[in-house]
Amino acid sequence: MPVRNRFAELHDEIAGWRQDFHEHPELQFDVHRTAGIVADKLREFGCDEVVTGIGKTGVVGLIKGKGEGSRCIGLRADMDALPIHEDTGVPYASKTPGTMHACGHDGHTAMLLGAAKYLAETRNFTGSVALIFQPAEEGGGGGREMVNDGMMDRFGIDEVYGMHNIPGRALGEFAIRSGAFYAATGLFEVEIHGRGGHAAYPHDTVDPIIAASQMVMGLQTIVSRNIDPMQQVVVSVTSIESVTTAHNVVPESVLIKGTTRVMSDQSADITEERFRQIAGSTAEAYGCRAVIRYERNYPGVFNSEAETDFAAQAAKAVSGRCETAQMTMWGEDFSFLLGERPGAYIHLGIGENAELHQPQYNFNDEAIPFGCSWFVEIAESRLAKEG
Ligand SMILES: [Zn+2]
Ligand SMILES: [Zn+2]
């Protein structure tokens, strides 16, 4: 079945929700307004159960089908925005300076709400559908919090599906891949402590700037010398901060920060081990002391094989277009849900647009019927009969 006609009728309404979310973006777990509206709408649609406060500010709505059945399909959207100052010029631009929906989670939330409205009206399935609205996808691990809160067992969820909009891919074209899809992410910080002093007397100081400079270059050898060239790994130092701003003062300490991205557990182990060795021993070589914090943050997104096929079939049914996606070094905390249950994550093209996380990005409302129809299609096809 192609894009559902009902979504043509609902399009303006769903776009209205999306633009309202866009105008009022919220960060991390602080998505109280958005989660409140989501919960109110789910109740208004007639969901059989609406539970708030899962994983701090997450919301789950449960809709039971007309047919008897015990299986439950989880459909997930994220609700949080980013600390970026909007530069789109749209009439519904962010009213909160320095915060905007630059990743299109306003679109994801609106599309899943649209699907919820349709599924609550029609209920042409057996068992139940759990609509999962999570906070803090952008670094906070809202998916992890909802899983740790027992969401999967509480609603008896058997499979999980999620979607991200992709600028630059043709409008309505889907893309997915089986197996490793998104990278596992790591975060690091290294404090390098030396001894400050007058820049004209460097021999009386222990210069943390020199140690930091060597460290940044040394860390590049993890990818070039330690990782199998056939594997994908990124080590990016993104910030170097010293406590002085003067031209003539050697600082006491320097802080470097960054992120790592890997596609396998083996690469994750090698990367962390070499990171700690290089950071620690480089600081020592220049007479400094390093305090190293290295955290493995999001696991990789790994799509299970059968569910990838179901997701691709649903995509083809909706728009006739589903490509094989490339692996990406992005992180995505839908991986915590995939760690608990089989499932799949899919990309939906929204046409030409600014890139994700850019101040000029704005979700394309023309993508709404495709996203809503895919959510509905996957629920109805996976719950067509007990099995
Ligand atoms: Zn993002
Ligand atoms: Zn995103």
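Colleague: What makes strand S8 (residues 184-193) and strand S12 (residues 253-262) a pair?

Modeller: In this predicted model, S8 and S12 are joined by 10 bridges in the antiparallel sense. A pair needs at least two bridges, so S8 and S12 qualify. As an example of the register, Gly186 stands opposite Thr260 in S12.

Colleague: Why are strand S10 (233-242) and strand S13 (289-296) called the edge strands?

Modeller: Each of them pairs on one side only. The open sheet has four strands in the order S10-S12-S8-S13, with antiparallel pairing, and its twist averages 15° from one strand to the next.

Colleague: Nice. Which helices lie across those strands?

Modeller: Helix H6 (residues 208-226) lies across S8, S10 and S12, at about 170° to S10. Helix H7 (residues 265-285) lies across S8, S10, S12 and S13, at about 165° to S13.

Colleague: Now to helix H8 (residues 305-319) and helix H10 (residues 368-382): why are they called oblique to each other?

Modeller: Their axes cross at roughly 130° and come within 9 Å. Roughly perpendicular covers 65 to 115 degrees and roughly antiparallel starts over 145, so H8 and H10 count as oblique. The crossing of H8 past H10 is right-handed.

Colleague: And what makes the contact of H8 with H10, by class?

Modeller: Nine nonpolar, three polar and two charged residues. Among them are Phe310 and Val318 of H8, and Trp374 and Ile378 of H10.

Colleague: How is the chain divided into domains?

Modeller: Domain 1 takes 6-179 + 301-382, and domain 2 takes 184-296. Their centres, taken over C-alpha atoms, are separated by 37 Å.

How values were computed: Residues numbered from 1 in each chain as written. Chains lettered and ligands numbered in written order. Predicted model: local features only at pLDDT ≥ 70, side-chain atom pairs only at ≥ 80, totals over all residues. Domains from an automatic or database assignment. Axes fitted to C-alpha atoms, helices over the stretch in contact; angles between N-to-C directions. Helix = DSSP H or I, 4+ residues; strand = E, 2+ residues; numbered from the N terminus. Parallel < 35°, antiparallel > 145°, perpendicular 65-115°, else oblique. Left-handed = near helix turned anticlockwise from the far one by under 90°. Contact = placed C-beta atoms within 7 Å. Nonpolar A, V, L, I, M, F, W, Y, C, P; charged D, E, K, R; others polar.
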